[in-house]
Amino acid sequence: MSSLSVPPPACLKKPFVAPNRHMFGPGPSNVPPRILKAGANPILGHMHPEVFEVMSDIRSGIQYAFQTQNNMTLAVSGTGHTAMECAIFNALEPGEGFLAAANGIWGERAVDIARRIGANVNSIVTHAGGYFTNEEIEQALSKHRPVLFFLTHGESSTGVVHPLDGIGDLCHKYDCLFLVDSVASMGGVPLYMDKQGIDILYTGSQKVLNAPPGTAPISFSERACQKIFNRKIKPVSFFLDMSWLANYWGCDGKLTRIYHHTGPISGFYSLREGLSILAEEGLESSWERHREVAEYFHRGLESMGLKLFVKDKSARLPTVTTIVAPPGYDWKEITTYIMKTHNLEISGGLGPSVGMVLRVGLMGCNSSKANVDMVLGALKDALKHCHKSKV
C-alpha cells in the first residue's frame, strides 16, 4: 500500500510534442537549428572554467551588439523584465527621483517597478504611436530633476522606434543617468551605446538574437557604476544585486568568483550562438536587412489597403510592425484564423494599443522577404474568410 496521496500525473506519462510554428508575433522569435543545437550541448557546472569562457564570449558579443566598451557588461538570468528590474533596483534608492517616458506599455511597466521600491516617480506620456521631442524631454528633466531617466528604444506595443541622439547629453546636463530598453530593437535598428551617451542598456535573448527566452544582456557605463556601487543601502533584490553579479560574470577584476546563483547554462550556450550569428552577419548588415524587409512589408500592406499605425515613417520600428486593425473585423478572429489555418502567429495590441492594432514581428532569421510574402498571403486569406460587420 503506497503512502502517497497524490498519484503520478497521467499527463506526464506521455511525451509532449511541440508543433513547428511560424513565430511572427512580437516575440519570441523562431530559434534556428544552429542555436537549438548549441543549447543541446552537455550541461557543465556553473562555476566550471569552460562556462566562464562561454560567459566571457557572451560579454564580448554584447559589447559588440551594444557598441560599447563598458567593462560592466553581462547577461542576467531571466527575460527582459529581469533586466529592467536589475537596472532600476540597482540604480535607484528609495526616495530618489525617477522619470519615465511612456509611449507604450514598457514605460508604464518601468513606472510600476520604480514605485514598488519607493522611488519618487514621474512620467511624461504621449499617445500610442507617438514619441517625444528632445525639447519635451529636457523640459521634464529640468522640472523633475530625476537621478534616472527611462526610455524605450523599440516600443513593441505600438511599433515605434524612438530617436536617441542627444538625449544622453541632456540627461548628463541634469546629472541624470540614461536608461534604455532595447529588447525589441537591438540588432534590428542602429544603436550606439557609448556614442549616444546611454548609461544603462538592456535587451532580451528571444527577439533579433533568436535565442530561447531566459537571458537578458545588460551593460552599465562607468557613470552608472559610480552610482550603483556607492549606494547607501543594498538593492531590494539579492538575485539582481550588481555587486554579486559583477563578480559572477568576472566584471569586478577579482581573481576569485564567488557562488551567487546557478546560471542557465543551456541559455548561455544559446545566447552565445545568437551573438555569434549576429557578429558573423555584421551589425550594419543586420540593420540594413531589417530595414529593407520592413519597408517591403509596409509596401505590401499598403497595396492591400491596410494602414500602418505609426504615421511617421522614420519612427516605424523595423522589427515589429503595427497595422491598424481592419475596420469591421474582430482582430481576435483574424489572429485565431491565421494561427489555425496557416500555423502562423501574429498578435493583437498590448497595453495602450489593445484593440487598435495587429502586430507582426520579423526579427533575426525571421526577417526575410519570403516571410513577408507568407504573412501577406495569410492576411489576405483571413480578410477573405473572417466575418466583416456591415455596420
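The paragraphs below go through one residue and its surroundings, then the pocket, the cavities, the aromatic rings and some backbone features.

This is a predicted model, in which local features need pLDDT of at least 70, side-chain atom pairs count only at pLDDT 80 or more, and totals for chains, interfaces and linings use all residues. Residues are numbered from 1 along each chain as its sequence is written, and side-chain values use heavy atoms, with hydrogens and water left out.

A starting point is L317, in the loop between α10 (283-303) and β11 (320-324). Helices (H or I, at least four residues) and strands (E, at least two) are DSSP runs, numbered from the N terminus. L317 counts as buried because its relative accessibility is 0%; buried means under 20% relative accessible area, exposed over 50%, and partly exposed in between (1.4 Å probe, protein chains only). Leaving aside residues up to four places away in sequence, L317 touches G154, E155, S156, G159, V160, V161, A184, S185 and V189, where contact means heavy atoms within 4.5 Å. G159 is 158 residues from L317 along the chain, yet their C-alpha atoms are separated by 5.2 Å.

L317 also lines the largest cavity, together with G159, H298, L308, V310, R316, V320, T321 and T322. On a 1 Å grid over the protein atoms alone, a cavity is a set of points where a 1.4 Å probe fits but cannot get out, while a pocket is an open set with protein on both sides within 12 Å along at least five of seven lines; lining residues have an atom within 4 Å of a point. The largest cavity holds about 40 Å³ of space; a volume is the space filled by probe spheres set on the points, and grid points are joined across faces, edges and corners. β11 gives the largest share of this lining, 3 residues. The whole structure has 2 cavities of 30 Å³ or more. The second largest, of about 30 Å³, is lined by F89, L92, E93, P94, I117, R231, I233 and V236.

The largest pocket contains about 390 Å³ of space. It has 18 lining residues, and the closest to its centre are R291, E295, K313, R316 and P318. Helix α10 supplies the largest share of the lining, 9 residues. By class there are 7 nonpolar, 3 polar and 8 charged residues in this lining; Ala, Val, Leu, Ile, Met, Phe, Trp, Tyr, Cys and Pro count as nonpolar, Asp, Glu, Lys and Arg as charged, and the others, Gly among them, as polar.

Next come the rings. Rings of Phe, Tyr and Trp (its six-membered ring) pair if their centres lie within 6.5 Å; planes under 30 degrees apart count as stacked, over 60 as edge-to-face and the rest as tilted. The count is 5 aromatic pairs. Y248 and W249 form an edge-to-face pair, because their ring centres are 6.5 Å apart and their planes are at 75°. Both Y248 and W249 are buried, and ring pairs join them with F268 in a cluster.

As for the backbone, the peptide bond from G27 to P28 is cis, with omega near 5°, and P28 is in the loop between β1 (22-23) and α1 (33-39). D175, which is not glycine, has a positive phi near 55°. This residue, D175, lies in the loop between α6 (167-173) and β8 (177-181) and is exposed, with a relative accessible area of 64%.
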